[in-house]
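Reader: I would be grateful for a close look at a single part of this model, chosen for what it contributes to the surroundings of a bound strand. Please state the criteria behind each term as it arises.

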Amino acid sequence: MTEKVDLTDKPLDLRKTLECGQTFSWRKNGDKYYTVRNGGVLKVWQEGDELFYENYGNEIDPREVLRLDDPLEEVYQSLGKDDFIERSVLANRGLRIVRDDFFSCLIAYITSAQMQIPRIRRFVRDVSEKYGKPLRFNGEEYYEFPKPEKLAEVSEEDLRDLSIGYRAEYVKRTSEMVRDGTVEEEKLRKMDYAEARKELKKLSGVGNKVADCVLLFSLDFTEAFPVDTWVRKVLKEKYPELYDKKYKKLSENMQDYFGNYAGYAQEYLFYYGRTCMDL
DNA sequence: CGGCAGGGAGGCC
DNA sequence: GGCCTCCCTGCC
């Protein structure tokens, strides 16, 4: 059954949200997008001010996974510190932060080190099809991202067969640590930002950047400000007075500048860097 | 074919 | 704590 969400007071640009490069949990099929998690499939598509969706298996609420209840107008107000961010926001109105599944987000970002986006997507697809739980609806086969218990059992060699090179070791070790409860999602959610990031960095293959991405895209820390090479270039050029070559200092400067929704600012600057800037 | 890509680990000071 | 080198693989 097709259902819909009225978007008149919830601006959304579905395509930019799912294609800007922040998430590896969604796939495209024609003009529709779908995600598979927790025994369910959610299919969504947008027509103007309406978001249509279909659910198979366990229910997944699009309002939740697309963060449709984030007060975007309020966010924009709080970010409007200068002309440049105002223009970036205006040009990409409706671009939202996603709320992805913790473990799949974590593993995808661990493999993202020194990789390009299409390769990361390919890995997520391959690892899901090979080790994830298959779900069948309407004669179509869908695959969930494998659980930590499952992925921890896969040998490093078999992980390497998915063309992730030296990252295979990180994926295996981190899967084991999550399986064993060395780091727990629910505990992370109760910590403050600095504490949660420190905790995440205990995991193999997780440094400042990966930790910030996981905090922002799956654990609701909207103040996280991940700095990747794209964002770094934009910041160097557009915010030279806040720029610092050290990751931690730079990220903190931007958090101090943009406030509690700094992650949203990061998303708009990232999008600008990848699409509008000739760098 | 050399160089580099959405970083991180491990070794060194 | 800062700096340096290496790391698989794919693609230009």
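Author: Helix 12 (residues 208–217) supplies three residues to the surface near DNA strand B, the largest share of that surface. Helices are DSSP runs of H or I with at least four residues, strands are runs of E with at least two, and both are numbered from the N terminus. A residue is near a strand if one of its heavy atoms lies within 4 Å of it. This is a predicted model, in which local features need pLDDT of at least 70 and side-chain atom pairs count only at pLDDT 80 or more, whereas totals for chains, interfaces and linings use all residues. Residues are numbered from 1 along each chain, chains are lettered from A and ligands numbered from 1 in the order in which they are written, and side-chain values use heavy atoms, without hydrogens or water.

Nine of the ten residues of helix 12 are buried, so the helix is largely enclosed by the rest of the structure. Buried means under 20% relative accessible area, against over 50% for exposed and partly exposed in between (1.4 Å probe, protein chains only). The buried residues are N208, V210, A211, D212, C213, V214, L215, L216 and F217. Their cover includes helix 5 (102–111), helix 11 (193–200), helix 14 and helix 15 (262–275).

V210 belongs to both pictures: it is buried in helix 12, and with G21, I117, Y166 and G207 it is among the closest of the 21 residues that surround DNA strand B. A backbone N or O atom of V210 lies 2.9 Å from a phosphate oxygen of DNA strand B. This is a polar contact, a pair of N or O atoms within 3.5 Å. Q114 also reaches a phosphate oxygen, from a polar side-chain atom at 3.1 Å. G21, by contrast, addresses a base oxygen, with a backbone N or O atom 2.5 Å away.

Of the atoms of DNA strand B within 4 Å of the protein, 51% belong to sugar or phosphate and the rest to bases. The surface near DNA strand B has ten nonpolar, nine polar and two charged residues. Here Ala, Val, Leu, Ile, Met, Phe, Trp, Tyr, Cys and Pro count as nonpolar, Asp, Glu, Lys and Arg as charged, and the others, Gly among them, as polar.

DNA strand C offers a useful companion view. Its surroundings are R119, R122, R160, S163, G165, Y166, R167 and K246. Sugar and phosphate make up 71% of the atoms of DNA strand C that come within 4 Å of the protein. Y166 thus appears around DNA strand C and is also one of the closest residues to DNA strand B. The surface near DNA strand C comprises one nonpolar, two polar and five charged residues. Side-chain N or O atoms of two arginines address base oxygens of DNA strand C: R119 at 2.7 Å and R167 at 2.9 Å. In R160, a side-chain N or O atom is 3.2 Å from a sugar or linking oxygen of DNA strand C.

To return to the part requested, helix 12 combines three residues at the surface near DNA strand B with an extensive set of buried residues, nine of its ten.

Definitions and conventions. A polar contact is a pair of N or O atoms within 3.5 Å; within protein, one must be able to donate a hydrogen and the other to accept it, and residues adjacent in sequence count only if both atoms are side-chain atoms. Contact means heavy atoms within 4.5 Å.
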